[in-house]
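Colleague: I have a model open and would like to walk through it with you. Could you take my questions as they come?

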Amino acid sequence: METILRTENLYKTYGSGQTKVNAVENVNISIEQGEFVAIVGKSGSGKSTLLHMFGGLDTPSKGNVYIKNQNIFKLKEDELAVFRRRKIGFVFQTFNLVSSINVWENIVLPIGLDGKKVDETFVKDIIKTLGLEQKLHNFPNTLSGGQQQRVAIARALASKPDILLADEPTGNLDSKTSDEVIGFLKMSAQKYGQTLVMITHDEDIAQIADRTILIEDGKVVEQ
Amino acid sequence: MNTITGLAVNNDKKNKTRSILIIVSIILTTMLLTIIATFCYGVIKSNRTNTEQLYGSYYGTYKGINEEQIQEMELRSEFTDIGKMAFVGEVINKSDISLYYADKTTYELTNLSEYLDEGAFPENEDEIIAEKSFFEALGYDNLQIGDKISLNSRKDSDSTYEKKELVISGLLKESVAETTKKTYVGYVSEEYYENQVAANKRYYSVYFRLNDSVDITSDEAEDLLKELAIKCGISEKKVSVNDYYLMWSLDPGMETILGGLLIAFCVIIFSVIVIYNIFQVGIVQKIQEYGKLKALGATKKQLKRVVMIEGMLLSGIGVPVGLIIGCILSKFTFSWLMEQSNSLRAGADLIEVSIFSVPVLILVVVVSFLTVYLAIRKPMKTVAGISPVEAMRYQENTSRKRSLRKGKKVVGVKEMTLASLSANRKRTIVTVCTMGLSCVLFVVIANFVGNMDNEYDARKSVEYGQFLIRLDYSLNDTAYPENNLDSILKENLLGTDLVTKIKQIDGVTDVRTRKVLALKETDETGQETGNMSSVAVLNEEDFNNFKSRGGNMGTLDYDTASEENGILYGWSHFMEDYGYSLNQNILTQLENGISQVSFTGTIQGSFGNCDQDWGITEDTYKKLGFTEDGIGYIWVDCEENNLTTVQKELKELLTDKEHVELETYQDALKTSQFSTRMMKMASYTLLAILGIIGFMNMTNTLIVSIITRKQEIGVLQAIGMTNQQLNRMFQMEGFVFTIGTVIVAMAVGIPAGYAMFCYGKSQSWIGLNIYHFPLLEIVIMIAVITILQIVLSFVLSRNIRKESLIERIRYQE
């Protein structure tokens, strides 16, 4: 199977000298095409920082991240932005939808920014899968949390990325909605053959992943 | 430090950008208020101090009164310091030269004594004092005190010129205005005057002051002076009031104060809006913080106090700094303005006054703090009114009424920008309106200043080209009939041969002429009935030019006037006074120096001012059978770089010709510029001040609009918006703001400016004649706004990227 994401001696350090803190320390992992990986750890263990570095949102102090053999930190700032919108789909804990445009527009925004034509059949299929057909013209903040997160998932999937990165996607949701969203996430990842990396501190959710990576004090303690 | 103050201090420290913006706004506001206040104070004080220097210290004058009337005045206790001045005679010369007699009191009251350069005022019969240029006009160069001169003068148009020998007793300082005007005055002694004019024919202009015990205000001055005149047996028509002196010495300077207050009011309004905007936005961002305080038990009053102290702390830094900068700027600009006006004036320099007054500065400080207080009233209420629960989940857009948006199939940068502008419609409109309003004042002023047209003003004297050669004639000189127009026309001084010679001068590019006729009214038998007057012969272009400058012309056009042998009165304002009316037929005899033609014309209208008593068309002139003679005006045009040589050659051509004047466009322009310079300077100073406010407002608006969307921009970048696209989005937004601003500024500013122009024109403000759209000023304004917006968007988008993406996305977490 093809390796989608690979890290090499990844470090993220804050401060220096006495106050030096290793948020991420010597992380070497690789994730295969189609895998569903859960990254688990306590609050402050460095799991979010790690995920942000996977997606090029944060820069490592040392080490490399390869997505499909492309060292993403070798890219220039604008090249990285383009790479992100084509190859990576993000789902955040706080949904992070753009409030001034409607649901449909939010979903197709990364494609629009890329200047590409929207594959309507594909996007409509995602929308149907996520049950958002009735909400396309709504503004995001008129939706419930679960609905907003489904829009975020649709947005992440719409540009057919190589990898889906989800940062505690259920952190802001109640348990019933959480199960629902995780269900959608897993289902769509499978349906569209997506690789999914998800951060969570919920053991139950971690259970349904193909593989769990446990992080403690920035280090991978168990794969 | 108690808890509340501590909280406020920390809030200010933590919101560094907001604090800096507010401090800068407060500094600018205080600075502007300081400048306005000190200028008003300085102008009033300087005017009071210098009013005597500028306008003389007499209350008024009675003109053309005799010695008995003066004695009456001397008997009355109301009058003090009575000074006499009398016209002694005119001097034969190409320039307009006259002789006057004045006594010592008049020298003092009119400040002439300040102009004494060397020597003394005339005492003996044969003594004279004047400016150097007076003697130069008479043909004497490098004269010293004690040198003898001779001149031909006469006391009125009924007397003959007599040759006089005079000794120079002193020289006066040159005044700029008089050299450009080409009129000169020399002063002679009382003895000279009395020997010239018989006692029963002596008429004086009397300058006087009133006793301090007389109760007088500048509004009632005219009535009071008239009343006193009647008591002395003087007709009230002979009264003239020294308005400027009385205005400044008796008036508290209300106009200046009102003007200052108006500008200060605008500044305060702008500042309140700007400071309010920054505060309000800051508070909306931090609403949860305030909500937490409330949840922890802070009372409404305490919350208000937090905001109040935040604002006052910032004022505490901004106000003193603004005050100091304002004082320094005022000091320098005021001194500079004084220097400028001194350099334009001859004689005594203006006395420089201290423009600072402690009470005025204290007032500025109080008003500045008040401005901040007004700005934070609403934010204080917002904070006090938060319910803790709501505050915890406060989101900026919760108030949106719409929940649906039709949207676009594809969303790119352009669609994003427009969506964001329309979603924040209220903010977009407020932004455009505040920016637009600060430009409105600019447009209004530009409409006014941009229309003070010196060239137009100068073109009223010299209509075409660079030089005007014109006949200098009298109409009713009985003693010297050869000075009258009909005689001068016979000399054919400005004949076609002269025109040919002028055309041959190197560098002359164009020569135009206009004919002048002498008009004598007659009765049916052809007998002359009245005085002679002059007629301008107008071609179609001249006709339309004069018509456009007012008067009472109705729909009359050139062709109709030609066909119907119309004649037009030259001064509409005086037409009735001289007993003429529309459609009246007048019987005349017209002369061009070669032939005489009887002409019956119908008065078809009147020009505002056509420089002659009457006007007829060129076609009528030809129909009457006149030849090409009778030229009264020659305009000469040449390239700018040939001005001096052409002027020299023209002077040479005209040396021997009496009764011919040479005026230059450059002189006319200088005279006009001289009078408008001060006006323009004041207006441009105001424009500069408004520019600063506009800039401050615009910077704030753009900063605020970008900072408040930090998180959203972070999200957009996270999902793949490039820096280039981000920059494009900002530019596009700025562009929409710019367009909106320009539309608001134009839509409000142009009509308001036009109204102000019309008002100014009706009040005869300097140089306002024809309304020109102030295109240049507006193009500059648009260019400045556009450039500022592009630079600001660029700087801000760079600045925002300094913070890492992650920090921004988590901004509100």
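Colleague: What share of chain A counts as buried?

Modeller: Of the 223 residues in chain A, 51% count as buried, and I should say at once that this is a predicted model. The chain holds seven helices and 11 strands, and among its contacts with a separation of 6 or more, 74% are between residues 24 or more positions apart.

Colleague: And what are the figures for chain B?

Modeller: For chain B, 38% of its 813 residues count as buried, and the chain has 28 helices and 20 strands. Where contacts in chain B link residues at least 6 apart in sequence, 83% of them join residues at least 24 apart.

Colleague: How many residues of each chain are in contact with the other?

Modeller: The count is 33 residues of chain A in contact with 36 residues of chain B. On the chain A side, the elements that give two or more residues are α2 (77–87) and α3 (103–113), and the largest share, seven residues, comes from α3(A).

Colleague: How does that side of chain A divide into nonpolar, polar and charged?

Modeller: The residues of chain A that touch chain B divide into 13 nonpolar, 12 polar and eight charged.

Colleague: Staying in chain A, which residues of α4 are buried?

Modeller: In helix α4 of chain A, residues 120–129, the buried ones are A:Val123, A:Ile126 and A:Ile127. Seen down the axis of α4(A), these fall within an arc of 100°, so they line one face of the helix. That spacing is in keeping with the general rule, since an α-helix has 3.6 residues a turn and so residues three or four places apart point the same way.

Colleague: What does that face pack against, and what is exposed on the other side?

Modeller: The buried residues of α4(A) pack against α3, α5 (145–158) and α6 (175–191) of chain A, while A:Thr121 and A:Lys128 are exposed on the other side. After α4(A) comes A:Gly131, with a positive phi near 70°.

Colleague: Over to chain B, where does α2 meet α13?

Modeller: On α2(B) the contact involves B:Ile26, B:Thr29, B:Thr30, B:Leu33, B:Thr34, B:Ala37, B:Thr38 and B:Tyr41, and these meet B:Val360, B:Leu363, B:Val364, B:Val367, B:Ser368, B:Thr371 and B:Val372 in α13(B). By class, the contact has nine nonpolar, six polar and no charged residues.

Colleague: What about the geometry of that pair, left-handed or right-handed?

Modeller: The crossing of α2(B) past α13(B) is right-handed. The axes of the two helices, residues 16–55 and residues 358–384 of chain B, come within 9 Å and cross at roughly 145°.

Colleague: Further along, how many residues does α23 of chain B have, and what is its reach?

Modeller: Helix α23(B), residues 643–654, has 12 residues and reaches 16 Å from its first C-alpha to its last, close to the 16 Å expected at 1.5 Å a residue. Its buried residues include B:Val646, B:Glu649 and B:Leu650, and they cover an arc of only 100° around the axis, which puts them on the same side of α23(B).

Colleague: So what do they pack against, and which residues are exposed on the face turned away?

Modeller: The buried residues of α23(B) pack against β11 (467–471), α19 (496–504), β12 (508–522), β19 (631–638) and β20 (660–664) of chain B. The face turned away from them carries the exposed residues B:Thr644, B:Lys648, B:Lys651 and B:Glu652.

Colleague: One more helix: which residues of α11 in chain B are buried?

Modeller: In α11(B), residues 287–295, the buried residues are B:Ile287, B:Tyr290, B:Gly291, B:Leu293 and B:Lys294, and they line one face of the helix because they fall within an arc of 155° seen down its axis. Just after α11(B), B:Gly297 takes a positive phi of about 115°.

Colleague: Last topic, B:Arg154: why does it count as partly exposed?

Modeller: B:Arg154 counts as partly exposed because it has 18 C-beta neighbours inside 10 Å, whereas 20 or more would make a residue buried. B:Arg154 lies in strand β6 of chain B, residues 148–154, and its C-alpha is 5.1 Å from that of B:Gly89, although the two are 65 residues apart in sequence.

Note on methods:
Residues numbered from 1 in each chain as written. Chains lettered and ligands numbered in written order. Predicted model: local features only at pLDDT ≥ 70, side-chain atom pairs only at ≥ 80, totals over all residues. Axes fitted to C-alpha atoms, helices over the stretch in contact; angles between N-to-C directions. Helix = DSSP H or I, 4+ residues; strand = E, 2+ residues; numbered from the N terminus. Left-handed = near helix turned anticlockwise from the far one by under 90°. Contact = placed C-beta atoms within 7 Å. Nonpolar A, V, L, I, M, F, W, Y, C, P; charged D, E, K, R; others polar. Expected span 1.5 Å × (residues − 1). Buried ≥ 20, exposed ≤ 12 C-beta atoms within 10 Å, placed from the backbone. Arc of directions from axis to C-beta.
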